[in-house]
Amino acid sequence: MSRVYNFSAGPAVLPEEVLREAAEEMMDYKGSGMSVMEMSHRSKVYDGIIKEAEADLRELMDIPDNYKVLFLQGGASQQFAMIPMNLMKNKKAAYIVTGQWAKKAFQEAQNYGEAVKVASSEDETFSYIPDCSDLDIPEDADYVYICENNTIYGTKYKTLPNTKGHTLVADVSSCFLSEPVDVSKYGIIYGGVQKNIGPAGVVIVIIREDLITEDTLPGTPTMLKYKTHADADSLYNTPPAYGIYICGKVFKWLKKMGGLSAMKERNEEKAKILYDFLDGSKMFKGTVRKEDRSLMNVPFVTGDKELDAKFVKEAEAAGFVNLKGHRTVGGMRASIYNAMPKEGVEKLVAFMKKFEEEN
């Protein structure tokens, strides 16, 4: 069985050389006589793995010294609660709702204080990013929350919102490490790794140190305090050790590929191949306003449900898997993360051309 082109939104494609390297080390990691899967997280060997992963991530993203990097569990979804529990000092926060995950975060925050929806694109099935240059942000809001790249809807903020001096919190799960980023613009920038970095089970939180305090909402569990994990260097309890090890390998791969500016170029090139085809196609149409298009997730439709289903089925038979769109958008979605090779996108477009001619 040869490998397929996997266009899944997550868990998603990983770099082949990372998988090969992990396979080679599966039984014996660097002469330790055991797998990383069996290794104590308190061991010297594992301590080296997690510290090196953090150092490489800091280098890739140019993370300032006054930010902590935390490798946590619970996925991005647990952060929907952890953020207000730790940050809602005035019991008020502003949310910009541009998709299902921002909406879920907004709903979750209502359990802890007043979540104010200051902008939304729900009126047009989240197919655009609202203008965030002059929002009505409450003076006493503890933070402004965004989901920077919307996996389901294929939209991406090209400019960050004007938070009017308030702390910006961003979920970057589906655009993590896809391009250079100025970490200093955020109070918290976080994401689940299973889309662009590693296997499911790890969420990385990059948080400014002044936001890490004992002063959390009453009743906040020990495990949901950022301070607990920051003080223990992500080793308060057993972390998702093997997942972090794979993330570390992906960081090395990214450095080898030339870092985040090189990835941005590659990602722009890949996305252009697909968007250019969609813009010229008579059958297939992209669903997102052009200026808000994501480089990572590309939803498209034919306008005919039966034709969509036929396309997904024939694509799968041809080795292009996980192209079915999310039920709220319908149609198809190609997720073309860092590890998707350019030839995967080229071959998909060739297949789409052929399908269009035959149908």
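This passage walks through the salt bridges of the structure and then turns to one of its strands. The model is a predicted one, and the count of salt bridges in it comes to 29. Side chains of opposite charge can pair when their charged atoms come close.

Helix α6 is a good place to start. This helix covers residues 241–256 and holds K249, which pairs with E21 of helix α1 (residues 16–24). The closest N and O atoms of E21 and K249 sit 2.8 Å apart. In sequence the two partners are 228 residues apart, so this is a link between distant parts of the chain. Their surroundings are not alike on paper: K249 has a relative accessible area of 11% and counts as buried because that falls under 20%, whereas E21, at 36%, is partly exposed.

A second salt bridge from α6 involves K255, whose partner is E59, with 3.2 Å between the closest N and O atoms. Since E59 belongs to helix α2 (residues 44–61) and K255 to α6, the pair ties together parts of the chain that lie 196 residues apart in sequence. Here K255 is partly exposed, with 30% relative accessibility. E59 is exposed, its relative accessible area of 54% being over the 50% mark. This pair also has company: E59 and K255 belong to a network of salt bridges that takes in E52, D56 and K252 as well.

Away from these helices, K156 and E179 meet through their side chains in a salt bridge, at 3.1 Å from N to O. K156 sits in strand β7 (residues 155–156), while E179 is in the loop between β8 (167–171) and β9 (188–192), so the contact ties together parts that are 23 residues apart in sequence. The lysine of this pair, K156, is buried, with just 8% relative accessible area.

What about strands, and how enclosed is β2 by the rest of the structure? Strand β2 runs over residues 67–72, and five of its six residues are buried, so the strand is largely enclosed. Its pairing partner is strand β10 (residues 203–208); the two run in the antiparallel sense and are joined over six bridges. One of the residues involved is L72, whose bridge partner in β10 is V203.

How values were computed. Residues are numbered from 1 along each chain as its sequence is written. This is a predicted model: local features need pLDDT of at least 70, side-chain atom pairs count only at pLDDT 80 or more; totals for chains, interfaces and linings use all residues. Side-chain values use heavy atoms; hydrogens and water are left out. A salt bridge is a side-chain nitrogen of Lys or Arg within 4 Å of a carboxyl oxygen of Asp or Glu. Helices (H or I, at least four residues) and strands (E, at least two) are DSSP runs, numbered from the N terminus. Buried means under 20% relative accessible area, exposed over 50%, partly exposed in between (1.4 Å probe, protein chains only). Two strands pair if DSSP finds at least two bridges between them.
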